[in-house]
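I opened this notebook to record what I looked up, chain by chain and element by element. The entries begin once the structure is on the page.

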Amino acid sequence: MDKNFIKAFSEVIREEVASKNEVQLEGVGRFQFKHKKQFQKQYDNGRVVMMPPKDTITFVPEN
Amino acid sequence: MTIDKEQLISLLVDKTGLERDQVENQLQELVNRIQQAAEEGKTFEVEGFGTFSMQEGELHFEPTDTLETEINNKYAGMKPIELIGAFKEPDGEEIPDMDKQQQGNEDRVWAFDQDAIEPDETVEEPVAETADEEEQDDEPEQVAAEEDQPDEDIGKDSEIDVDADQPEEALEEPQETTSEDENKQLEKVTASAEDETDPIGRFLVAALVVIALGLAGFLIYDSGLLSGSKHSSQPKTSQQMTDVPSQTTGDTEEESPSKEASDSDKQNENTDSEPEQELEVTKQGGSDAQQPIYGLRGTLNDKANDGYTIVVHSLRVKDKAEKRKQGLQEAGFRALINKASVDETTYYRVGIGQFETVTAAQQAVSRIPEEYRDNNFIKRIK
């Protein structure tokens, strides 16, 4: 398996997901873009913090 | 928008520049390997992309940090912000106040420091003391040991004596240090107590001293230890007072008190043989049966001539003395004339009252005519 192909594959999926496109990979699953809003969080030591928003890539397996 | 297999292959062809068939083959091989690894329960890592693994019967994908950061480039670098104030978690638990928490922590720190410092002080000082005491305990032994050597080697070496002296000097130093330490400790311990008790204590001590001195003086006075000196001191003081009347009255015939004072005792002896006094005493001695033997007023009593009288006039001319005496007798006083010779000059002293003791005469001074109260002296009649 060509390294260039692996590298191209990673870049393509990253670019498409970054542009909020869902990438369907037959036989494996789907890569999706998901945005997480900011939220409050309290640590065990009592400190309360506001977590920043976050953009993530999630994988949904196929069956 | 969903990128399906056809679109993905087209994108890969554009990206790699390979033929479409090659890209399809490569992509199919990749999917097969992922499926194979998943079936075997193994993890399959795509370099620079992520890791596929089987978790709980499902294929799980964990992106690499590089991929995660690139996807999250919009919010990259943002960190959790700490919130100050009361916020509530979605589940309703109350969040403790940060300010109160910090104050509580500070209090705890302060209390901890205080607890930590005090034991240190109390521990350090005894340690220092014990160390000094140990030095003290050790060095005398050395001194004794080294002093024993010179005793054995007397006359051989003088250096040993020098060595024996040095430890003694060294011994004194720790003693001084320990005493200083003890003083410091005492000062520390009694600093607060002294501030409170010092003024009262000093006042009490001063009051006790004054009271003790007063009692001692009264006892000495009361026991008569000063009675011997009273006879000599009392006339002197009163004789000094006679300076004033002699000047104020302008009577040039009065004797000089200073000469009289020095010879007062001799005059007493000389007056024993004075006939005039005896005549006067005998004249007026008969009518005093009811009056007391001694006294200021009334008539003269011969039995009282062993006592004391208050001399108010001292004249060189007998006639003037007689006049003064008669005047006093008319005023109701026991008046008598006492003849005395000082430096070959005869003085006629006019006295009033007959008193058993000097003290009684002194008390009677306040009852004599006011003009004489400050100008008189007490004298033994005989």
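The entries below go from the contact between the chains to one helix and then to one loop residue.

**Entry 1, the contact between the chains.** I kept in mind throughout that this is a predicted model. I looked up how many residues each chain puts into the contact, and I found 41 residues from chain A and 42 residues from chain B. On the side of chain A that touches chain B, the elements giving two or more residues are helix H1 (3-18) together with the strands E1 (22-25), E3 (39-42), E4 (48-51) and E5 (54-61), as I noted for chain A. H1(A) provides the largest share of that side, with 13 residues. When I sorted the residues of this side of chain A by character, I obtained 20 nonpolar, 10 polar and 11 charged.

**Entry 2, strands across the contact.** I then asked which strand of chain B is joined to E1(A) by bridges. I found that strand E1 (residues 2-3) of chain B is joined to E1(A) by two bridges and that the two strands run parallel. For Val23(A), I recorded Ile3(B) as the bridge partner in E1(B).

**Entry 3, helix H11 of chain B.** I checked the length of helix H11 (residues 318-330) of chain B: at 1.5 Å a residue its 13 residues should span 18 Å, and the end C-alpha atoms are 18 Å apart, so the two values agree. I listed Ala321(B), Lys325(B) and Leu328(B) as buried in this helix. Looking down the axis of H11(B), I saw that its buried residues fall within an arc of 60 degrees, and therefore they line one face of the helix. On the face of H11(B) turned away from its buried side, I noted the exposed residues Asp319(B), Gln326(B) and Glu330(B). What covers the buried residues of H11(B) includes, in chain B, strand E6 (308-315), strand E7 (335-342) and strand E8 (345-355). Just after H11(B), I marked Gly332(B), which takes a positive phi of about 95 degrees.

**Entry 4, Val365 of chain B.** I placed Val365(B) in the loop between helix H12 (358-364) and helix H13 (370-373) of chain B. Is Val365(B) buried, exposed or partly exposed? I counted 19 other C-beta atoms within 10 Å, and because a residue is buried only at 20 or more and exposed at 12 or fewer, Val365(B) is partly exposed. Setting aside neighbours within four places in sequence, I found Val365(B) in contact with Ile310(B), Arg373(B) and Asn376(B). I also noted that Val365(B) and Thr309(B), 56 residues apart in sequence, are 10.0 Å apart in space from C-alpha to C-alpha.

Terms used
Residues numbered from 1 in each chain as written. Chains lettered and ligands numbered in written order. Predicted model: local features only at pLDDT ≥ 70, side-chain atom pairs only at ≥ 80, totals over all residues. Contact = placed C-beta atoms within 7 Å. Nonpolar A, V, L, I, M, F, W, Y, C, P; charged D, E, K, R; others polar. Pairing = 2+ DSSP bridges. Expected span 1.5 Å × (residues − 1). Arc of directions from axis to C-beta.
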